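Please open the structure in your viewer and keep the selection panel at hand. The stops below say what to select next and what is there.

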Amino acid sequence: MDNPSKITEGGVEYSLGNFDGKSILYDFPKILIYLNAKGKLLFGEKFKIYDEDRDILLKLCSYFIKDKENCATYDIDMDKGILLSGPIGCGKTSLMRLLRHIVPMQRPYEMIPCRNVAFSFNHLGFKTIEEYGNTKFFCFDDLGIEPAGRFYGKDLNVMGEVLLSRYELYLDTKHKIKTHATTNLNAEELEERYGNRVRSRMRELFNLIAFDKGAGDKRK
């Protein structure tokens, strides 16, 4: 049988921990080595895992590898999705694109820029809400800065509606369908953008994991 604790990238085998035949005992420093290598393959040689992001990464990795003890320590609910928030350029999108690779056995999620959802609504109307309210796993990127939706003269807060649909789905499927998102906005700004009802649903849909407000812009 394959050893799921090992992943091969670019001809190099990386170990993420030890496999005892039933489960993987993950080793966080080894996961970081793999993420650094995979990140370079995905995003180019300039990519690197920053020391100051270790705490965030430990939380995110604990969630993805379903480490019950760590998740309990960090107050992370494994049934919910992740809302990764932080200032522009701190690496949120890259991390969400990268982390799904440490658990190749798990169902992957698709990264969808929120502005694409809004543009799609402007062309297709309410079909878009249905499309993203389906049983796929999504990570909605850059939540809160998408333009307002407009279809035949009707204005709609498209992502707000999509999140409400995802919430219904989450309840209907007994918490099996996951939704993730990244955002530059804080809780107050999200509430201002989507209103109280959506914000309260977001609390039930997501674990909030936040970069420090002072996190630097890694793109500079």
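In this tour, a residue is called buried when its relative accessible area is under 20%, exposed when that value is over 50%, and partly exposed in between. By that scale F121, with a relative accessible area of 1%, is buried. Please keep in mind throughout that the model is predicted.

**The open sheet**

Begin by selecting the five strands that form an open sheet, which follow one another in the order β6-β7-β10-β5-β11 with parallel pairing. The edge strands are β6 (110–113) and β11 (206–210), each of which pairs on one side only. If you look along the sheet, the twist averages 20° from one strand to the next. Strands of a sheet pair through backbone hydrogen bonds, so displaying the backbone is a suitable way to follow the pairing.

Now narrow the selection to β10, which spans residues 179–183. Which strands are joined to β10 by bridges? On one hand there is β5 (residues 81–85), which runs parallel to β10 and is joined to it by three bridges, and here S85 stands opposite T183. On the other there is β7 (residues 138–143), also parallel to β10 and joined to it by four bridges, with F140 standing opposite A181.

Are the residues of β10 buried or exposed? Five of its five residues are buried, and the cover extends to both faces, with T179, A181 and T183 on one side and H180 and T182 on the other.

Within this strand, select T182, which counts as buried at 0% relative accessibility. Leaving aside residues up to four places away in sequence, T182 touches L83, L84, K92, T93, M96, C139, F140, D141, D142 and L143.

Next, add helix α8 (residues 187–205) to the view: this helix lies across β5, β7, β10 and β11, and runs at about 115° to β11.

**Two helix pairs**

Select helix α1 (residues 28–43) together with helix α2 (residues 54–64), whose axes come within 11 Å and cross at roughly 100°. This crossing angle makes α1 roughly perpendicular to α2. To see the contact itself, show the side chains of F28, I31, L32 and L35 in α1 and those of R54, L57, L58 and C61 in α2.

Then move to helix α5 (residues 114–124) and helix α7 (residues 158–172), which pack at an angle of about 100° with their axes 9 Å apart. Here too the angle makes the helices, α5 and α7, roughly perpendicular. In this contact C114, V117, A118 and F121 of α5 meet V158, M159 and V162 of α7.

**Aromatic rings**

A pair of aromatic rings is described by the distance of the centres and the angle of the planes. With centres within 6.5 Å as the criterion for pairing, the count comes to eight aromatic pairs. Select Y63 and F64 as one of them: their ring centres are 5.2 Å apart and their planes stand at 85°, which is over 60 degrees, so the pair is edge-to-face. Both Y63 and F64 are buried. F121, already seen in the contact between α5 and α7, forms an edge-to-face pair with F126, at 5.3 Å centre to centre and 90° between the planes. The two partners differ in their cover, since F121 is buried with a relative accessible area of 1%, whereas F126 is partly exposed with 43%.

Return to Y63 and F64 and add Y109 to the selection, for these three residues form one aromatic cluster.

**Cysteines**

How many disulfides are there? The count comes to zero, the cut-off being sulfur atoms within 2.5 Å. Select C71 to see one case: the nearest cysteine sulfur, which belongs to C61, is 11 Å away, and C71 is in no disulfide. C71 counts as buried, at 1% relative accessibility.

As a last selection, take C90, whose sulfur is 13 Å from the closest cysteine sulfur, in C139, and therefore too far for a bond. C90 is buried as well, with a relative accessible area of 1%.

How values were computed. Residues numbered from 1 in each chain as written. Predicted model: local features only at pLDDT ≥ 70, side-chain atom pairs only at ≥ 80, totals over all residues. Heavy atoms only, no water. Phe/Tyr/Trp six-rings, centres within 6.5 Å; stacked < 30°, edge-to-face > 60°. Buried < 20%, exposed > 50% of the residue type's maximum accessible area, 1.4 Å probe, protein only. Contact = heavy atoms within 4.5 Å. Pairing = 2+ DSSP bridges. Axes fitted to C-alpha atoms, helices over the stretch in contact; angles between N-to-C directions. Parallel < 35°, antiparallel > 145°, perpendicular 65-115°, else oblique.
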